[in-house]
Amino acid sequence: MNKKYTIITYGCQMNHHDSERIAYLLESLGYSPEKDLEKSDFIIYNTCLVRENAELKVYGQLGSLKALKKQKPNIIIAVCGCMMQTGNARETIISKYKHVDIIFGTKNISRLPSLIARHRSTGEVVVDIEEADIIDDDTPINRNHPFIAYVNIMTGCNNYCTFCIVPYARGKEISRTPDSIIREIKDLAKRGYKEIILLGQNVNSYGKTLRPKVTFPELLKMVNDIDGIERIRFLTSHPKDCSDELIDAIANLDKVCENIHLPFQSGSNKVLKNMHRVYTREHYLNTIRKLKEKIPNITLSTDIIVGFPGETEEDFKETLSLVKEVEYDQGFTFLYSIRKGTKAAEMKDQIPHEVKQERFQRLIDSMYEIFYKKNKADVGKVLEVLVEGTSKNNPEVLTGRTRGYKLVHFVGGKRNIGHLVNVRITGNNSFALEGEII
Ligand code: SF4
């Protein structure tokens with residue numbers, strides 16, 4: 001019988017990467033992918049805890065599967081991911097969603113085939129949340145992309161920013177060994193992968209748990225030496241761990257792209273302290289200055305939280321002034337929202353929604369203006385683009401990314417997909433460039 005599976009993924013790139021692992025495991029058991037839940041034999045939700053909204057959606061969707069389970073009692077319904085790492089969500093699902101068959105945590109993915117077997121043989125709900133000490137790294141992966149690959153180098157986080165639930169859900173920071181990472185990337189290179197994106201909650205703190213210790217810049221050097229790989233990126237970096245050694249590695253290693261995502265979250269030292277970000281505005285700006293000095297063509301992106309508890313108009317203006325000083329190429333802005341289980345949720349002086357919204361609007365107006373200016377400065381340049389595919393709106397138009405992670409649209413043949421091409425930039429808006437292939 002041809003069995004089908006559906007994976008519904010919420011949250012960050014780490015979760016999407018975990019879902020690629022789950023897909024591999026299910027396909028090795030004979031399942032094939034299916035978008036329509038009603039035709040599926042195995043439905044799994046890979047959940048996220050970061051936003052309450054995503055959590056509520058999972059409950060809503062699980063509720064609506066009750067009828068399907070009645071109609072098709074042999075269907076298996078599973079829930080995994082960050083939400084399952086906390087007792088509350090797990091207990092809610094076990095007690096209220098009795099049609100869920102399998103529940104497992106972020107570190108138990110490789111055991112999925114045995115969990116399915118256990119559920120099949122007993123017919124009972126199987127729960128597996130055991131904390132593993134080593135990162136779950138050797139499960140093969142069913143990759144969604146033919147030439148760009150995410151590679152997990154670490155999991156967990158020790159930083160405990162007061163707004164963030166990740167350390168409670170993903171646990172303490174654990175690094176994968178360089179041998180295992182390099183083995184995976186060499187195999188990807190053999191299979192024609194061109195771009196590698198090293199993934200972790202705090203990649204530039206990589207290696208601290210390893211014996212002997214290996215630094216993140218040392219790992220970048222090892223990846224840079226792998227034949228066949230053309231570009232290396234990494235996500236996400238913490239400003240406190242952006243060392244001179246890392247800046248030199250970006251400047252000197254030819255495959256490491258001149259681009260860094262460095263979330264600053266707030267421009268006010270008072271707010272940074274309340275967020276437990278462990279750096280100051282001055283330290284952050286000094287890091288940016290060094291990056292720009294050593295890598296003149298560096299592109300910068302960031303994350304910013306607007307309306308953190310206690311943020312005054314003056315604090316917010318410091319955020320605005322930092323944005324103007326740095327001149328980011330891209331950035332993601334978030335309205336602070338209470339996340340139960342974090343320290344910030346208990347803080348007094350929560351900011352009214354209208355105030356947050358008004359500040360948010362001022363911030364994005366300012367950022368979009370800067371993005372436009374930065375993109376405009378690329379007009380006339382010839383940039384290397386890795387062609388990723390055709391535009392959703394026009395199949396004649398190709399899209400790809402520069403080394404600086406800027407999106408470029410240009411007319412060209414589909415044979416270019418998966419290759420590096422040179423594109424002369426002829427136009428721009430705040431979010432993308434337009435060009436012509438040379
Ligand atoms: S560094 Fe802070 S924001 Fe990032 S995952 Fe760790 S606790 Fe969360």
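Which residue in β16 is the bridge partner of Val385?

1. That partner is Thr402, and the pairing belongs to a predicted model, a status that applies to every point made in this note. A further bridge of this kind places Val387 with Gly400 of β16 as its partner. Strand β15 covers residues 382-390 and strand β16 covers residues 397-402; the pair runs in the antiparallel sense and is held over 5 bridges. The connection between β15 and β16 is a hairpin, with 6 residues leading from one strand to the other.

2. Strand β15 also pairs with strand β18, which spans residues 420-428. These strands are likewise antiparallel and are joined by 5 bridges, and within the pairing Val382 stands opposite Arg424 of β18. Strand β15 can thus be followed to β16 through one set of bridges and to β18 through another.

3. Strand β16 continues the pattern with strand β17, residues 407-411, to which it is joined by 5 bridges in an antiparallel arrangement. Arg401 has Leu407 as its bridge partner in β17. The hairpin of β16 and β17 leaves 4 residues between the strands, and there Tyr405 adopts a positive phi near 70°, a backbone value that a colleague may wish to inspect in the model.

4. Is strand β16 largely enclosed or not, given its pairings? Of its 6 residues, 6 are buried, and the strand is therefore largely enclosed by the rest of the structure.

5. Helix α2, residues 52-64, contains 13 residues, and the distance from its first C-alpha to its last is 19 Å, close to the 18 Å expected at 1.5 Å a residue. Its buried residues are Ala54, Glu55, Val58, Tyr59 and Leu62. Viewed down the axis of α2, these buried residues fall within an arc of 145°, and so they line one face of the helix. On the other side of α2, Asn53, Leu56 and Ser64 are exposed.

6. His261 lies in strand β12, which covers residues 259-261, and it is buried, with a relative accessible area of 9%. Its side chain makes a polar contact with the side chain of Ser301 at 2.7 Å, and another with the side chain of Asp303 at 3.1 Å. When residues up to four places away in sequence are not counted, His261 touches Leu235, Thr236, Ser237, Ser301, Thr302, Asp303 and Phe332, a list that includes both of the polar partners, Ser301 and Asp303.

7. How many disulfides does the count come to? The count comes to 0 disulfides. For Cys12, the closest cysteine sulfur is that of Cys82, and because the two sulfur atoms are 6.4 Å apart, they are too far from each other for a bond; the cut-off applied to such a pair is within 2.5 Å. Cys12 is partly exposed, with a relative accessible area of 39%, whereas Cys164 counts as buried at 18% relative accessibility, the limit for that class being under 20%.

Terms used:
Residues numbered from 1 in each chain as written. Predicted model: local features only at pLDDT ≥ 70, side-chain atom pairs only at ≥ 80, totals over all residues. Heavy atoms only, no water. Helix = DSSP H or I, 4+ residues; strand = E, 2+ residues; numbered from the N terminus. Buried < 20%, exposed > 50% of the residue type's maximum accessible area, 1.4 Å probe, protein only. Polar contact = N/O pair within 3.5 Å; in protein donor to acceptor, adjacent residues only side chain to side chain. Contact = heavy atoms within 4.5 Å. Pairing = 2+ DSSP bridges. Expected span 1.5 Å × (residues − 1). Arc of directions from axis to C-beta.
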